[in-house]
Amino acid sequence: MTPDQSGLSARFFAAEAMARQLGVLAMSYFTDQKSLGISMKGSQDWLTEADGRVETAFRAMIAATFPNDTVMGEEQGGATGEALWIIDPIDGTANFARGDRSWCVSIGFLANGVPTLGVIYAPALGEMWLARVGHGATLNGAPIRCSSTTDIARASIEVGWSPRRPIEDYLALVGGYFRKGASVKRSASGALGLAHVANGRTDAYAELHINAWDVAAGVVIAAEAGAILSPFFTGDWAGGGNPIVAVTPALASEIMPGLGL
Ligand code: IPD
Ligand code: CA
C-alpha cells in the first residue's frame, strides 16, 4: 500500500538511521581491506563481501520495520511494488575495493512509482545527503541548492561510464562536452555524482545507461536541490535501466541532447 504523509515521515527517518547502521557495517570492511573478498562480476564490474552483506542487512531491517514494503537491490534483484525501496549497498564499488573513500550506501524510496525519498550516506567522507519530495535536500543537515552556472565554458560535468554501452558512444559524449568548453570528469559513483550536482560541486551528471539502484536516491536529492532530471523511471526501467541526466537548469539545453533527451 502507498504510504500517507505520516508513513513517508516514518520511512524517511528510518532510512537515515538504517543508512548510518549500514555505513558502520560497510566501514568495518573498508577499514580492513583483507576482509573485502574481492571478485569480478564482469569487466570492471567489482564485487566485495560488503556489497552482499549490506544489502542483506537492509532487507532484514525493512522486513522488521515495514514488512509490507518491497525491496529491490543491486545484488539480490527484486520486483517493483507500490511502496518500493531501492538499495545500492555500495555504490562506487571499484573505489571501495581500492581504498578510495568515494563510495556510498544509496537508499531510494518510490511511492506508487514516484521517487519520493533519497538517502545517500558516504561514511568514509562523513557525508549524509537527504531529500524528501517537497521538503528540499540537505547535506549533513544544511540545505543545499544546485549551481547557478549559466556558461558551459565554466561548467564542471561528470560523465559516468560502464561497459554496458559501446566505448565509442561514451567517448563521443565526453568529446562533445569538452568541445563545448566544459571540464569533464568521472569519479565512479553514479549516486555521489548526482549528489554532487545537488550542492553545486558539479553542474551536471550524465550517463548513457545506468540502473535504478544507482539513481533512486540521487534523483530525489538533485531534483529537490533545483536540478533538472531526465525521466529515469519510465519504460522498462526496472528490467533494463535508462540514461540519466541531472543538470543545473540553465545548462539543460547544452547537456541533454548529447543523450538524445
Ligand atoms: C557503478 C557506479 C558508476 C556508474 C555505473 C555503476 P557500482 O555502480 O555507480 O559510477 O557509472 O553505471 O554501475 O558498480 O559502483 O555499484
Ligand atoms: Ca551501483
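**Figure 1. Asp91 and its partners at the calcium ion.** Asp91 is buried, with a relative accessible area of 6%. Keep in mind that this is a predicted model. Asp91 works alongside Glu74, Asp88 and Asp214 as the protein donors of the calcium ion (ligand 2), at 2.0 to 3.2 Å from the ion. Glu74 gives OE, while the three aspartates give OD. Read along the chain, the donors of this calcium ion are spaced E-x13-D-x2-D-x122-D. Glu74 sits in the loop between strand 3 (70-73) and strand 4 (83-91), and Asp91 sits in strand 4, so the two tie together parts 17 residues apart in sequence. Unlike buried Asp91, Glu74 is partly exposed, at 22% relative accessible area.

**Figure 2. Angles around the calcium ion.** What does the arrangement of the 6 donor atoms around the calcium ion (ligand 2) look like? Their angles run from 61 to 168 degrees, so it is irregular. For reference, six octahedral donors would ideally give 90 or 180 degrees.

**Figure 3. Aromatic pairs.** The count for the model comes to 9 aromatic pairs. In one of them, the ring centres of Phe58 and Trp85 are 5.9 Å apart and the planes meet at 75 degrees, so this pair is edge-to-face. It bridges distant parts of the chain, with Phe58 in helix 2 (residues 49-65) and Trp85 in strand 4, 27 residues apart. Phe58 and Trp85 are both buried. Zoom out a little, and ring pairs join Phe58, Phe66, Trp85 and Phe109 into a cluster.

**Figure 4. Phe232 with Phe233, and Arg20 with Tyr121.** Phe232 and Phe233 make an edge-to-face pair, 4.9 Å centre to centre with 75 degrees between the planes. Both of these phenylalanines are buried. In the other panel, Arg20 lies over the face of Tyr121, 5.5 Å from the ring centre.

**Figure 5. Helix 5 and the glycine after it.** Is helix 5 (residues 190-198) buried or exposed? Here 9 of the 9 residues are buried, so the helix is largely enclosed by the rest of the structure. Among them are Leu192, Leu194, His196 and Val197. Just past helix 5, Gly200 has a positive phi of about 80 degrees.

**Figure 6. Two asparagines with positive phi.** Asn112 has a phi near 55 degrees, a positive value in a residue other than glycine. You'll find Asn112 in the loop between strand 5 (104-111) and strand 6 (114-122), exposed at 53% relative accessible area. Asn140 also has a positive phi, near 50 degrees, and belongs to the loop between strand 8 (137-139) and strand 9 (142-143). Its relative accessibility is 48%, so Asn140 counts as partly exposed.

Definitions and conventions
Residues are numbered from 1 along each chain as its sequence is written. Chains are lettered from A and ligands numbered from 1 in the order in which they are written. This is a predicted model: local features need pLDDT of at least 70, side-chain atom pairs count only at pLDDT 80 or more; totals for chains, interfaces and linings use all residues. Side-chain values use heavy atoms; hydrogens and water are left out. Buried means under 20% relative accessible area, exposed over 50%, partly exposed in between (1.4 Å probe, protein chains only). Helices (H or I, at least four residues) and strands (E, at least two) are DSSP runs, numbered from the N terminus. Donors are N, O and S atoms within 2.8 Å of the metal (3.2 Å for Na, K and Ca); water is not among the atoms, so sites may look incomplete. Four donors count as tetrahedral if all angles lie between 85 and 135 degrees; four count as square planar and six as octahedral if opposite donors are over 155 degrees apart and all others between 65 and 115; anything else is irregular. Rings of Phe, Tyr and Trp (its six-membered ring) pair if their centres lie within 6.5 Å; planes under 30 degrees apart count as stacked, over 60 as edge-to-face and the rest as tilted. A charge sits over a ring if NZ of Lys or CZ of Arg is within 6 Å of the ring centre and within 35 degrees of the ring normal.
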